[in-house]
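Colleague: I would like a close look at one part of this model, the strand pairing around the chain's two ends of the list, and then whatever else you can say about sheets. Please take it step by step.

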Amino acid sequence: MEKYVIHGGKPLHGQVDISGAKNAAVAVIPAAIMVRGVCRLENLPEISDTDKLLHILTYMGAQVRMINRTTVELDCTNVQMDTLPEEMWAMTRKIRASYYLIGAMLGRFGRARSTMPGGCNFGVRPIDQHIKGLTALGADVRMTGGFINATAKNGRLRGAMVYLDKVSVGATINIMIAAATAEGRTVIENVAREPHIVDLANFLNSMGADVRGAGTDVIKIRGVKTLHGGTYTLIPDQIEAGTYMAAVAAAGGAVKITNVIPKHLECISSKLREMDVEIEDGDDYVLVRRDGPLHQTNIKTKPYPGFPTDMQPQMTAVLCCAPGVSVVTEGVWNGGRFKYVAELKKMGASIEVDDQSAFVQGVDHLTGATVKACDLRAGAAMVVAGLAAEGVTKIEDVVYIERGYQDIVGKFRALGADIACVDEPDEPDAERSAGWVAG
Ligand code: UD1
């Protein structure tokens, strides 16, 4: 199995270019099903989640043409399917964002049938708010035997008022996609405000939709009959950028992180500054420098503009070597999202987890060990820890990391890290879980 081998303890220096946003890409690609015409998507990240979605669309009859590594032309004009073909079920069960196919097929055809979504296993991941929204738009939604079936009464969704009981990125996106071509006006209240929500709204609008308010907590959509083709450039990935910032904080050095929107990184920059990491914002870059000792801090994850839950594991990895006690509290996912702590402990970290909080007692240094990527961001945390640790770290199950990081090995090597992807048998581990569970 492929694993990453890191000889840690080397400061990072140089410049790294951030790729397109994963969570925007995995929304925009399914949304393209709604479009009759050619969508040219630029700055698409080269990651396995987008590959899978493009593959699914191809199978459904879309024409997918790669123009270069990060630009694709997608033509869904001839897609006829309102039912996800059986050959694709295994794939949709691996990706969280596959639930956007439901919103898109429902919006385009008035009917949709797909598997329940997959993705990273953070404990229970309900989709009741998606169902609430689609039902309000006039769909009859049923879940049976691991499948979701949805049918719009009279063949077309109609606009409605929707209040989300929980701020949910996925539900906000799914309802926005479905409502784009519904009859009449939809108002969604208490929505998520993440940068990828705004990006999806901008994509839909550039294809002829009328979506307003994205980035605030109320989104208003006036349904249009059809969406037309166009060109759209995705935003840079907030979490990929944050991961490189965390890596510099942990390993030391000075790195210019380019192709970013510094505003999206403010919550991360603020916390790193509290930890005595220097951050300088440019127009489309941030300079991150750390050469002295780290300072402890406390972090609580929240929906945007709060501190992102998808940066929680990487920041915990940084705090492992900050003198004193830091408290990291998970405020988005019930169940704590702390499975990776056991892996950091193998590297000498001193962390106690109590319910939704991890208490991190800073140690002098981490020591290389063989660890697992429990999920996408947990895997990124292992890379951050491995780069800072003394000795050799081997990271197994890197397939999770490759769901969301374009060429992570090449990018860190260019910054002077000693990291390689090797193919060698895994070490025996009685506790190894079966792999994909939920994204
Ligand atoms: C998305 C991201 C994921 C990130 C998360 C929170 C994608 C593909 N994934 O996941 O990386 O960690 O946002 O920023 O974009 N909830 C409900 N009912 C629902 C939906 C969600 O109770 O119907 C709860 C969840 O259990 C969780 C919280 O709402 O506690 C936030 O979940 P949500 O924002 O929906 O996460 P995802 O869209 O699945």
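Modeller: Strand 21 (residues 370–372) and strand 22 are joined by 3 bridges and run parallel. This is a predicted model, and the description below is computed from it. Within that pairing, lysine 372 has glutamate 396 of strand 22 as its bridge partner. The connection between the two strands goes through helix 12 (residues 376–388), and strand 21, helix 12 and strand 22 together form a right-handed β-α-β unit.

Strand 22 (residues 392–396) also pairs with strand 1 (residues 2–7), this time antiparallel, over 4 bridges. One contact point in that pairing is isoleucine 6, whose bridge partner in strand 22 is threonine 393. Strand 22 is thus parallel to strand 21 and antiparallel to strand 1. Both senses are ordinary pairing modes, as strands of a sheet pair through backbone hydrogen bonds, either parallel or antiparallel.

Elsewhere there is an open sheet of 3 strands, ordered 6-8-7 and paired antiparallel. Its edges are strand 6 (111–115) and strand 7 (139–144), each of which pairs on one side only. From one strand to the next, the twist averages 10°. Helix 4 (residues 100–109) packs on this sheet and touches strand 6, strand 7 and strand 8. The direction of helix 4 makes about 160° with that of strand 6. Strand 7 and strand 8 (residues 147–152) are antiparallel, with 6 bridges between them. In this pairing valine 141 stands opposite alanine 150 of strand 8.

Note on methods
Residues are numbered from 1 along each chain as its sequence is written. This is a predicted model: local features need pLDDT of at least 70, side-chain atom pairs count only at pLDDT 80 or more; totals for chains, interfaces and linings use all residues. Side-chain values use heavy atoms; hydrogens and water are left out. Two strands pair if DSSP finds at least two bridges between them. Axes are lines fitted to C-alpha atoms, for helices over the stretch in contact, and angles run from 0 to 180 degrees between N-to-C directions. Contact means heavy atoms within 4.5 Å. A crossover is right-handed if, with the strands pointing away from the viewer, the path from the first strand over the helix to the second runs clockwise.
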